[in-house]
Amino acid sequence: MRGLDAGTVYGYLDRLADQVETTGKELKESRVKLERLQAELQRGRAELQRVQAELDQYEQAGDRVNEQVVQMFSQAQLVVEEMVQDVTRDTRERIGQARAHERRIVAEAMDTAGQQVRSYAQSAQAQMQSIVDSFATEVDRIGDGPRPGERPGTI
């Protein structure tokens, strides 16, 4: 074995890139949804402020506002605020999930890379041991050969 299999590494990196891209798309979709809902909330608040301003004008003119209308506006504001809380909570959950997914992907990548490096190191160690053993055998063979000034076969 001369190293990591490039096809396996690139395949894993492609999968990792796909997962990161998917997570990024989900995060982007959540952000777009949040922006849309915040825009709706802003329009709702603007409408509420406009209506409340009109209501103030009627009160200043001496007209009495029906208590039921005031309650409806209060309920509408509560509903809008609750919607904002729900959207904010949902967005935070999705971001948290995306971050957790990202951490899992990175941990898996690090684990896989560590395993591959360990495997490569073990293979390199075995090859090095084989070379050392071969070298030692060769040194022993040369050391057992005739000494300078002696003829082969005479001891």
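Against which helix do the buried residues of α1 pack? They pack against α2 (67-143), where contact means heavy atoms within 4.5 Å and helices are DSSP runs (H or I, at least four residues), numbered from the N terminus. The model on screen is predicted, with local features needing pLDDT of at least 70 and side-chain atom pairs counting only at pLDDT 80 or more, while totals for chains, interfaces and linings use all residues. Residues are numbered from 1 along each chain as its sequence is written, and side-chain values use heavy atoms, leaving out hydrogens and water.

Begin by selecting residues 6-60, which form helix α1. Its 55 residues should span 81 Å at 1.5 Å a residue (1.5 Å times one less than the number of residues), and the end C-alpha atoms, 79 Å apart, agree with that.

Next, pick out the buried residues of α1, among them Y12, L16, L34 and L55; buried means under 20% relative accessible area, exposed over 50%, and partly exposed in between (1.4 Å probe, protein chains only).

Staying in α1, select E21 and K25, which form a salt bridge with their closest N and O atoms 3.3 Å apart, the rule being a side-chain nitrogen of Lys or Arg within 4 Å of a carboxyl oxygen of Asp or Glu. E21 is partly exposed at 44%, and K25 is partly exposed at 49%.

Then move to E54 and R50, whose closest N and O atoms are 2.3 Å apart in a salt bridge, and add E47 to see a network of salt bridges linking E47, R50 and E54.

Finally, go to α2, where R89 and D86 lie three residues apart and their side chains meet in a salt bridge.

Methods:
Helix = DSSP H or I, 4+ residues; strand = E, 2+ residues; numbered from the N terminus.
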